[in-house]
Amino acid sequence: MARFSPENLAHARLLLSLYPEPRSALLPLCHLAQAQDGWLTPEAMEQVAELVGVTPAEVLGTASFYDMLHTSPVGTYLIGVCTNLACLLAGGEELLRHAERSLGVAPGATTEDGMFTLEEVECVAACDRAPCAAVNWRYFGPLGPDAFDELVGQLRAGALAAEVPAHGVLSRVRRRRGLATTTEEVAAERRAADEERAARASAKAAEAQGSGDGGSRS
Amino acid sequence: MTTPSPSPSPSGAAEVGGGAAQAGASGAAAGDSGAAPQEVTITLDGREVAARPGELLIAAAERAGVYIPRFCYHPRMRQVGMCRMCLVEVKGPRGFSLQPACFQPVANGMEVRTESPAVKKAQDGVLEFLLVNHPLDCPVCDKGGECPLQDQTLTFGPGETRFVEEKRHWSKPIPVSSLVELDRERCIQCDRCTRFAKEVAGDPFITFQGRGDHTEVNTFPDRPFASYFSGNTVQICPVGALTASAYRFKARPWDLEQVESTCTTCALGCRMVVQSSSGEVVRHLGVDDEAVNHSWLCDKGRFAFEASTAPSRRTHPLLRSDARLRPVSWQVALSEVAGRLRAVLATDGPGAVGVLGGARLTNEDAYAWAKLAKAVIGTDSVDAQLDDGLPAELVAGLPPATIADACAAKVLLFLGPDPREELPVLFLRLRGAVRDHGLDLVELSPVDTSLTDLARASLRYRPGQLVDLVRQLLGSLPPANPAVAAARDRLVAGGGEGVVVALGRSSIAESEEQTVAAAGLLRRMLPGATFLPLLRRGNVRGALDAGLAPGLLPGRQRLADGGAFATAWGGLPGAPGRGARALLEAAATGQVRALFLLGADPLSDFPDRSLARRALEAVELVVSVEAHPNASSEHVDVVLPAAAPSERAGTTTNCEGRLSPVGQKVVAPGLAWPDWAIAVELAAALGADLGFASPADIVAERARLAPLFAGVTSAVLAGTVGRMGALLPLRGRGPDGELGEWPAGATGGLERLDPMAVPGIASVESQGAPSEAGVVRAAGPVVAAPVGGRMAAGDDGPAALLSWEPPEALPATPPVDAYSLRLVAARRCYDGGTAVQASPSLAALAASPALRAHPSELERLGVASGTKVAVRAAPGRLELVLEADAGVPKGVAVLGAVPPAADAPGASALVRAGDPVTEIRLETLEAG
């Protein structure tokens with residue numbers, strides 16, 4: 001499971017072909033791997049390294065810099081409770097304590113059934129709904145203890161499946177272009193980009209030739 | 001040196017040739033364009049100071065005697081400006097502002113303040129931040145006492161901290177490789193080790209991970225920092241975060257004694273210091289030498305010192321009796337050898353005695369043994385190479401190139417072994433040259449090597465067809481592909497002027513005839529090209545220069561031209577003797593009855609194991625002068641224990657012909673003697689007097705008799721030449737008119753490099769004492785080599801050194817057998833050699849031998865990668881694991897030349913000595 005499925009590998013190759021330097025596809029490929037497994041497995045990082053031509057250590061170095069790329073397992077739902085100023089004043093700290101008791105895990109840990117990972121996060125820019133929590137980067141709030149338990153119950157029952165996909169799924173990207181893009185569309189986009197680049201290069205070359213004559217005399 | 005220096009050197013000294021000038025130009029601050037000013041002036045703390053255009057402020061200030069504190073800056077790597085310790089005030093349009101001195105190139109009229117209150121406050125602040133998470137465990141830290149963080153905190157820091165919170169904690173230490181341990185709590189994120197791994201070594205297996213105060217240096221899980229150069233990260237770490245497993249808790253810096261020396265693990269001759277504590281060598285550190293190693297060492301050179309205290313070390317003379325080697329006194333051993341040797345000489349004459357090896361010896365040892373063999377015993381059958389190198393006359397007689405020449409060449413044509421495996425630091429130099437100024441590298445090799453990705457063209461030839469490829473390159477055969485044609489245009493332009501050829505044996509499964517013929521073609525067709533011989537063994541060049549080769553005398557003299565030696569030595573062998581292969585063949589048929597092994601192990605190192613075994617079994621008397629037992633030991637009759645590196649002083653010569661010192665730091669264990677003393681005593685037992693009571697006597701006689709060593713007196717060796725090294729023969733005169741002294745100022749004079757590039761005692765002395773202390777290194781090679789292997793007319797010293805006349809006839813191209821694969825037997829860095837096997841840190845890294853071939857060959861055979869197969873060749877049959885490797889062309893198979901264990905099968909079991917190529921056939925093993 002941890003390496004790319006044949007379908008995702010095809011997507012990975014498409015993503016690679018979008019960039020002049022394979023290395024530029026490192027982060028998109030990390031997202032793709034996380035979309036597949038919910039987190040970045042060591043095997044996935046090794047495969048990303050092979051695909052973009054760097055060492056696995058460099059992939060880990062880059063991925064570990066970003067909070068939204070997880071290099072250790074996370075639950076299906078990543079619940080981030082905000083304890084930054086606006087939420088703190090509105091009861092964020094209490095919400096976090098309640099979440100800990102209710103889920104039975106400390107911040108940073110995952111429930112035994114693998115459903116929920118609890119995190120304490122800084123401001124997620126939803127202060128109008130303080131105290132708030134983000135579930136797989138979808139915002140919920142204001143949340144009291146009861147509302148939190150109800151939210152967890154709904155998530156556990158699958159009632160919010162349409163709204164909150166499993167952790168790692170790039171649904172927003174997919175809606176726009178991203179992974180749902182057909183092969184033909186990517187190919188067309190690449191052709192257009194190639195043509196534009198070629199046009200730019202030839203214009204530059206013509207310009208250089210024009211000024212080059214002057215340069216050789218000086 | 002044929003390349004003219006780009007501009008007259010500042011002092012106008014005419015003695016310095018291209019080598020020195022180019023070495024200077026490869027430094028960070030090369031100002032070689034004609035129009036650019038040679039010098040700019042900056043105001044440093046109110047004082048006017050000269051600087052080189054484009055130079056970094058931190059380097060300019062240091063040359064002017066102002067030490068700006070720093071952690072991340074390293075003169076041999078790109079600056080990153082990460083630690084902020086080097087903040088100084090630089091005047092801009094809006095007055096003075098703080099700028100990192102490591103990121104600020106000097107400009108004419110720049111005003112700089114390094115000791116103002118603002119700078120002091122910045123330094124205080126940076127250090128306080130760096131110490132926030134740094135555990136103050138200096139009393140138990142290996143770095144304590146030589147720690148740039150400790151020293152610079154003392155000199156520039158605030159003295160106390162305001163941080164009272166809990167510090168960051170990590171588990172400690174964790175191994176990042178079997179050689180290097182990491183304590184992340186101590187790390188200050190200067191990016192030196194990670195930058196080294198990526199930028200210099202090209203092995204980015206350690207990286208920064210995480211972010212902010214959670215940033216750590218680490219490897220990928222279960223992927224260790226497996227680099228041949230990992231030990232350098234320990235040396236450049238400015239704190240105690242990276243430590244070498246071999247040195248942890250062994251010594252404290254203030255207890256260390258050190259001596260400057262030269263590494264003889266391979267023929268590159270990296271400069272280093274040997275440090276000892278309580279009479280035991282505890283570590284090697286690289287010394288920054290512009291001409292050779294740029295401060296780096298490979299892990300083999302850094303950790304192989306462990307071998308000298310290995311339990312297997314030879315400490316007493318041994319004599320075989322009742323099939324066992326038993327300890328005896330020196331007197332018994334020597335009289336036994338002398339008696340049996342006299343018997344051989346009496347019946348069969350000196351032609352029945354041979355001497356093999358000598359690359360382990362110092363130059364002085366080798367001279368004494370050459371004199372013993374050629375003057376006392378009277379045999380010319382002496383060979384320092386075991387049929388695995390190049391003919392001595394070719395090595396000595398081709399127009400020479402230095403490492404710096406190779407790095408600055410117009411085109412570097414590389415015909416040789418994988419440098420990362422055989423001459424590791426040469427790989428770093430070439431990689432740096434490609435990275436920094438786009439060296440045009442053309443590689444001719446039978447398989448992919450570490451240079452393949454760096455080369456502008458990497459051309460493949462099937463073993464046995466090198467000459468064909470060279471003829472295509474030079475235009476006498478139609479080119480096989482466009483890459484060859486493109487490379488040809490760059491090579492032949494201007495008669496090869498500016499072209500450097502790096503020449504070595506890429507495989508010992510081929511005889512040397514193709515390499516020799518290729519060298520001859522290149523010599524004739526590219527008269528302007530110079531050659532860097534890539535011999536592998538430590539001091540093999542020095543041994544050849546000392547006359548440990550058939551037909552040669554010390555100082556690159558032919559036996560026939562050795563009139564001075566004939567007189568002084570009282571007689572010479574009448575005719576040239578046998579080389580290693582002929583010697584072993586003669587031994588196998590009983591013509592040679594006594595054999596001396598000078599640290600040679602024919603069973604492991606000679607390309608044809610079966611011939612070596614037959615020879616050793618047939619010879620009546622085998623005397624081994626060795627520091628460690630080896631695979632050949634079971635055939636040895638008398639063992640004479642010799643001193644190991646760091647146990648004797650002298651000189652060594654690297655592959656470019658550079659003489660440099662090896663230092664003595666400890667005493668040889670037990671009854672081991674230096675090799676020259678063994679030669680003297682053995683001569684005495686034979687009733688002859690070599691006339692040497694100390695190495696100084698050898699130096700004096702050598703300077704008198706051997707034209708190459710003219711002027712290399714004890715006094716010169718004790719001076720600049722002895723410290724810095726020098727290309728031979730010496731030219732040029734020092735300020736006091738002494739031959740061989742470096743004309744000071746010719747390439748900018750002596751230069752202080754970053755004291756943190758030279759840690760150890762020097763760093764303790766220099767960190768807090770900005771301008772006075774510190775190790776001083778030259779910026780360039782000392783003297784230029786003559787053109788064409790001959791002294792230039794009008795120079796001091798005798799004239800004729802030998803030159804090599806390439807043979808006219810080309811060898812026949814061996815016909816291709818479609819059912820066979822051609823074997824490539826290449827050496828690996830970690831192999832079965834005693835230096836690796838007797839060093840606990842390195843022995844575990846030697847990989848088991850596997851045969852590698854193109855995936856299609858495995859398909860044809862119908863086996864998966866990793867399957868054991870039968871390998872048949874003319875001398876015998878082996879069973880080996882076969883692995884798929886797309887870097888090996890079809891029709892070729894690769895096997896390590898020396899297996900990690902004495903009893904493991906290696907390539908030499910498949911090679912027949914003298915065959916132009918080795919054909920092997922693969923067969924599947926019967927199931928079950």
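Analyst: Helices are DSSP runs of H or I with at least four residues, and strands are runs of E with at least two, numbered from the N terminus. The structure discussed here is a predicted model.

User: What makes up the pattern of chain A, read along the sequence?

Analyst: Chain A holds nine helices and four strands. Read in sequence order, they give α-α-α-α-β-α-α-β-β-β-α-α-α. Of the 218 residues in chain A, 41% are buried. The accessible surface of this chain is about 11800 Å², and carbon and sulfur atoms hold 54% of it.

User: Why is E364(B) called buried?

Analyst: The limit for a buried residue is under 20% relative accessible area. E364(B) has 2% relative accessibility, and therefore counts as buried. The residue lies in helix α9 (residues 363-377) of chain B. Leaving aside residues up to four places away in sequence, E364(B) touches G650(B), T651(B), W676(B), P695(B), I698(B), V699(B) and R702(B).

User: How do you know that E58(A) and K198(B) form a salt bridge?

Analyst: Side chains of opposite charge can pair when their charged atoms come close. The rule asks for a side-chain nitrogen of Lys or Arg within 4 Å of a carboxyl oxygen of Asp or Glu. In this pair the N to O distance is 2.6 Å, so the condition of 4 Å is met. The pair crosses between chains, from helix α4 (residues 56-63) of chain A, where E58(A) lies, to helix α5 (residues 192-201) of chain B, where K198(B) lies.

User: Which of the words buried and partly exposed applies to E58(A), and which applies to K198(B)?

Analyst: E58(A) has a relative accessible area of 11% and is buried, because the limit is under 20%. K198(B), at 41%, counts as partly exposed, because that class lies between the limits of 20% and 50%.

User: What else is computed for the contact between chain A and chain B?

Analyst: In this contact, 13 residues of chain A meet 13 residues of chain B. The two chains bury about 1100 Å² between them, with 61% of that area on carbon and sulfur atoms. Three salt bridges are counted between chain A and chain B. In addition, the charged end of R211(B) sits over the ring of F65(A), at 5.3 Å from its centre.

User: Why do K374(B) and D380(B) count as buried?

Analyst: K374(B) has 1% relative accessibility and D380(B) has a relative accessible area of 3%. Each value is under 20%, so each residue is buried. Their side chains meet in a salt bridge, 2.8 Å from N to O.

User: What makes R558(B) and E393(B) a link between parts of chain B that are apart in sequence?

Analyst: R558(B) forms a salt bridge with E393(B), with 3.1 Å between the closest N and O atoms. R558(B) is in strand β24 (residues 557-558) and E393(B) in helix α10 (residues 392-397), so the pair ties together parts that are 165 residues apart in sequence. R558(B), at 27%, is partly exposed, and E393(B), at 25%, is partly exposed as well.

User: Why is the pair of F229(B) and F427(B) called stacked?

Analyst: A pair of aromatic rings is described by the distance of the centres and the angle of the planes. Centres must lie within 6.5 Å, and planes under 30 degrees apart count as stacked. For F229(B) and F427(B) the values are 6.4 Å and 15°, so the pair is stacked. F229(B) lies in the loop between β9 (216-219) and α6 (231-236), and F427(B) in helix α13 (residues 424-437), so the pair ties together parts that are 198 residues apart in sequence. Both residues, F229(B) and F427(B), are buried. R420(B) lies over the face of F427(B), at 5.2 Å from the ring centre.

User: Why is the pair of F565(B) and W569(B) called edge-to-face?

Analyst: Edge-to-face requires planes over 60 degrees apart. The planes of F565(B) and W569(B) stand at 70° and their centres are 5.0 Å apart, so the pair is edge-to-face. Both residues lie in helix α18 (residues 563-569) of chain B, four residues apart, about one turn of the helix. F565(B) and W569(B) are both buried. Ring pairs link them with Y367(B) and F692(B) into a cluster.

Key
Residues are numbered from 1 along each chain as its sequence is written. Chains are lettered from A and ligands numbered from 1 in the order in which they are written. This is a predicted model: local features need pLDDT of at least 70, side-chain atom pairs count only at pLDDT 80 or more; totals for chains, interfaces and linings use all residues. Side-chain values use heavy atoms; hydrogens and water are left out. Buried means under 20% relative accessible area, exposed over 50%, partly exposed in between (1.4 Å probe, protein chains only). Accessible areas come from the Shrake-Rupley method with a 1.4 Å probe; for residues, only the protein chains shown count as cover. Contact means heavy atoms within 4.5 Å. Rings of Phe, Tyr and Trp (its six-membered ring) pair if their centres lie within 6.5 Å; planes under 30 degrees apart count as stacked, over 60 as edge-to-face and the rest as tilted. A charge sits over a ring if NZ of Lys or CZ of Arg is within 6 Å of the ring centre and within 35 degrees of the ring normal. Buried area is the accessible area (1.4 Å probe) that two parts lose on being put together, summed over both.
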